Amino acid sequence: MAMAVMRDEAAAAVFELSTGVHASAVVRAAVQLGLADAVNDEPVTLEELASAVGARQDTLGRFMRLLTVYGIFAEVAEERYEHTPTSRALRSDASDGPAGIIRLGGDWNWILWGLLAHSIKTGDSAFQAHYGQDIFAYFDQNRQAGEAFQHGLAVVARREDPMVADALAVSDGERVIELAGGKGNLLRAVLERHPGVTGTLVETEQALETVDPALREGPLAARFSAFTGDCQTTVPGGGDVYLIKQTLHMWNDETCLRVLGNIRRAAPPGARVVVVEQLLTGGPGERRARLMDVHMLLVAGGKERTEKEFAELFHRAGLSFGGVRGEAGDLRLIEAVTPEA
Ligand SMILES: C[S@@+](CC[C@H](N)C(=O)[O-])C[C@H]1O[C@@H](n2cnc3c(N)ncnc32)[C@H](O)[C@@H]1O
């Protein structure tokens, strides 16, 4: 499209990049309207679809015409649509569940990216600047947004957490304390793999309300406990392994040092601290990590880190850095040990 109005190739390329927001908005609106869930195996008419999703027929017809340009639905006859592989992937019951991940970043995510220049200028979280509170306090007051966030994380966790649990070395008799573990999907995977291990999940009240039922009932329940609390203030003692996955990247160094310091004070000597994060490596394939780095700045003033930066954080928190001890897809298991008494 840009080439039609611009003769300079670089200008056309940068203009094309600037319109990426349109494609994102189109996909998001398709999910918000629930279009993919409203179409089954048979083609549907525009009238049926409009009635199923509660939209005006004329504007929905225009939107469907646009969606087909992106390969989302195919128009098989005039005003009759059927699924394509791409539209099927947007169904709520699709195996990889991108719809759940798209819903995770509700309206707030759209507002934050619009404030990117502000965060780059000031170094402040755009969320805090716009809403005047931190994202988890906001979720406390906006329960639906909080639930969509936890649901989206659990969709990602279905893919990631079995790999992390496979990569985590734990021994019989050990107690794993997971800080900020969401619905407990990772802790569940760890307990399932290690029948001699017990686990404690430290989370906000809201996250614990929707904790994975397999941890509360059934065979795992006897080895599971929950601790409602703020790990920036206090952390339970008595753990052999303190696990924290994809949460330190939400926080600035000061907050990370508070949490790591709480672990150092609460944990017995020689306890392991296992941080699971993606690392910035400077390698060619790290577009996702660099995007996430800026995303974390917007959402909570956080950042992605290099291995060296983690080593420094651990050192400043009074922990002995143990290096990268495992891999799980893009994630790395970065370890430290609490000092001997
Ligand atoms: C980015 S999510 C990561 C969740 C999970 N570890 C995962 O990898 O999917 C951050 C989590 O930290 C929790 N959280 C935020 N602040 C917390 C605090 N001060 N104490 C305990 N948990 C907290 C949130 O409820 C949320 O589940």
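The legends below describe close-up views of a predicted model, beginning with the whole chain and moving on to the ligand and a central topic, strand β7.

In this predicted model, local features need pLDDT of at least 70 and side-chain atom pairs count only at pLDDT 80 or more, whereas totals for chains, interfaces and linings use all residues. Residues are numbered from 1 along each chain as its sequence is written, and side-chain values use heavy atoms, with hydrogens and water left out.

**View 1. The protein chain and its two domains.** An automatic or database domain assignment divides the protein chain into domain 1 (3-94) and domain 2 (107-337), and the centres of these domains, taken over C-alpha atoms, are 35 Å apart. Along the principal axes, the C-alpha atoms of the protein chain fill a box of roughly 75 × 50 × 35 Å. The chain has 19 helices and ten strands, which are DSSP runs numbered from the N terminus (helices H or I, at least four residues; strands E, at least two). Of its 341 residues, 44% count as buried, that is, under 20% relative accessible area with a 1.4 Å probe and protein chains only.

**View 2. The shell of residues around the ligand.** The ligand is surrounded by 17 residues, each with a heavy atom within 4 Å of it, and the closest are Gln-150, Ala-180, Glu-203, Asp-230 and Lys-245. The shell divides into six nonpolar, eight polar and three charged residues, where Ala, Val, Leu, Ile, Met, Phe, Trp, Tyr, Cys and Pro count as nonpolar, Asp, Glu, Lys and Arg as charged, and the others, Gly among them, as polar.

**View 3. Backbone contacts to nitrogen atoms of the ligand.** In these polar contacts (pairs of N or O atoms within 3.5 Å), a polar backbone atom of Ala-180 lies 2.8 Å from a ligand nitrogen atom, a polar backbone atom of Cys-231 lies 3.0 Å from a ligand nitrogen atom, and a backbone N or O atom of Gly-229 lies 3.5 Å from a ligand nitrogen atom. Of the 590 Å² of accessible area that the ligand has on its own, the protein covers 93%, as computed by the Shrake-Rupley method with a 1.4 Å probe.

**View 4. Strand β7 and its paired strands.** In strand β7 (residues 241-245), five of the five residues are buried; Val-241, Leu-243 and Lys-245 point one way, and Tyr-242 and Ile-244 the other way. Strands pair if DSSP finds at least two bridges between them. Strand β4 (residues 175-179) pairs with β7 in the parallel sense over four bridges, with Val-176 bridged to Val-241 of β7, while β7 and strand β8 (residues 272-278) pair in the parallel sense over five bridges, with Leu-243 bridged to Val-274 of β8.

Note on methods. Polar contact = N/O pair within 3.5 Å; in protein donor to acceptor, adjacent residues only side chain to side chain. Buried < 20%, exposed > 50% of the residue type's maximum accessible area, 1.4 Å probe, protein only.
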